[in-house]
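Here is a short report on how two chains meet and how two helices pack. Look at the sequence and the structure before reading on.

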Amino acid sequence: MLVPRPMGPSAAPLAAIAVGLVALALPLPAMAHEAAGSASGFVTGFLHPILGWDHVVAMVAVGLLGALLGPPAIYLLPIVFPLVMAFGGAAGVAGVPLPGVEIGIAISAIVLGLMVAAGRQIPLAIAAVVVGAFAIFHGHAHGTELPAATDALGYAIGFVVGTGLLHLIGIALGWPARWSAGRTLVRALGGAIAVAGVAFLAGAA
Amino acid sequence: MSRLLASLCAVLLFTGTARAHSPIPAVGAFYNGMLHPLITPSHALVLLAIGLLCGQHAPRVSRPALPAFAALLALGLAWPLPLPALAADTATALLVLAAIAGVCVALGGAWRGLAALMAACAGLAVGLDTRADAGPALTSADGAGIWLGAVLAVTLVGGLSAPLRRTWQRIGVRALGSWIAAASLLVLTLTFATSAGAG
């Protein structure tokens, strides 16, 4: 009788490669910033980060990173990110130019994915600075489209809530990191996010 | 926490264009008034922020803050026309108050005096903004409904968030505060950018 064997350490790289290949096969062109014409209200704002895969993977990576680092990062990153993102958004609203926003967003997926994949216990200050720096790019991208929204407040609430929920999904996906096998899986997810980031960069550059 | 999140989602999903002054037929002026603070996004946002501020460190903060909010809201609603020139900027003031209250919630400090001052200013701003919007059309039934709706909203949010004492629950409340602050800050910037562009 065949008895399923538990996944040993040697299976981890295979899992990472499998997830990476799936990630390579799945990415579609980033379409986060094509809805300016119809941007209006809460639903548009809410869907903005969710329908842009570049935003999705980076936000999930923030949650994964928080889950991997554990307290207090798991609590602080989702609180700090929206506040810093708001400053990036304010710059976008005010028309302050930020070169290479799309490239910055793609690089955020690569860097945050690699930080998760590395699985190292990074100091909280460094993690906060890196996450905060990329929050500026994401906020700027959202903020640039804010003036086009007919209901600016609804749009702003929508995209902040959408971003926060993506963090929450990342934290939930990172929950298994408390166990050895789960940690490997979370690191593999980080690797997949980094690969997806490379695909976005290839499309954005 | 789940009830609080459900309430928040309900407010966020169902907020839309303010319809306080195009009353829902057969509901009556009083109930239309009660709905007004909940379906006006800027009012709902500041009420949510003040409610969280009150509940986060209840009863220490809520004891002075809730009566201050209720009293100044009544004053704002009853303010005789014509309104002072300052009242023209109540929409901006609401966003400023929501942003500051959101940051206070995100930081998690129990600043009793500041919270009471914020609640009083929020009450006055909501009252004056409603008064300026409605003008002479605001009846006493409208006003009573708006007052009760706003006070109930703040009390309900405060009452739901007060028992949230577990670490993850408190962090959830602080995250909500950061979301409120972020959204308010963005729209505030848009307001200033638009007025600077027009000027």
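The report covers the interface first and then one helix pair.

**The interface**

This is a predicted model. Chain A puts 23 residues into the contact, and chain B puts in 22 residues. About 2100 Å² is buried between chain A and chain B. Carbon and sulfur atoms give 89% of that area. Three residues, Tyr75(A), Ile79(A) and Leu153(A), supply 27% of the area that chain A buries against chain B. No other three residues supply more.

Which elements of chain A give two or more residues to the side that touches chain B? They are α4 (73-93) and α7 (152-174). α4(A) gives the most, with 10 residues.

The rule finds zero salt bridges across the interface of chain A and chain B. It also finds zero residue pairs in polar contact there, counting pairs with both residues at pLDDT 80 or more.

**The helix pair**

Two packed helices are described by the angle between their axes and the distance between the axes. Helix α2 (residues 41-51) of chain A packs with α7(A) at about 35 degrees, and their axes are 6 Å apart. The crossing of α2(A) and α7(A) is right-handed. Residues of α2(A) in this contact include Phe42(A), Phe46(A) and Ile50(A). Those of α7(A) include Gly154(A), Gly158(A) and Gly162(A).

**Residues by class**

| Contact | Nonpolar | Polar | Charged |
|---|---|---|---|
| Side of chain A that touches chain B | 21 residues | two residues | no residues |
| α2(A) with α7(A) | 10 residues | eight residues | no residues |

How values were computed:
Residues are numbered from 1 along each chain as its sequence is written. Chains are lettered from A and ligands numbered from 1 in the order in which they are written. This is a predicted model: local features need pLDDT of at least 70, side-chain atom pairs count only at pLDDT 80 or more; totals for chains, interfaces and linings use all residues. Side-chain values use heavy atoms; hydrogens and water are left out. Contact means heavy atoms within 4.5 Å. Buried area is the accessible area (1.4 Å probe) that two parts lose on being put together, summed over both. A salt bridge is a side-chain nitrogen of Lys or Arg within 4 Å of a carboxyl oxygen of Asp or Glu. A polar contact is a pair of N or O atoms within 3.5 Å; within protein, one must be able to donate a hydrogen and the other to accept it, and residues adjacent in sequence count only if both atoms are side-chain atoms. Helices (H or I, at least four residues) and strands (E, at least two) are DSSP runs, numbered from the N terminus. Ala, Val, Leu, Ile, Met, Phe, Trp, Tyr, Cys and Pro count as nonpolar, Asp, Glu, Lys and Arg as charged, and the others, Gly among them, as polar. Axes are lines fitted to C-alpha atoms, for helices over the stretch in contact, and angles run from 0 to 180 degrees between N-to-C directions. A crossing is left-handed if the near helix is turned anticlockwise from the far one by less than a right angle, and right-handed if clockwise.
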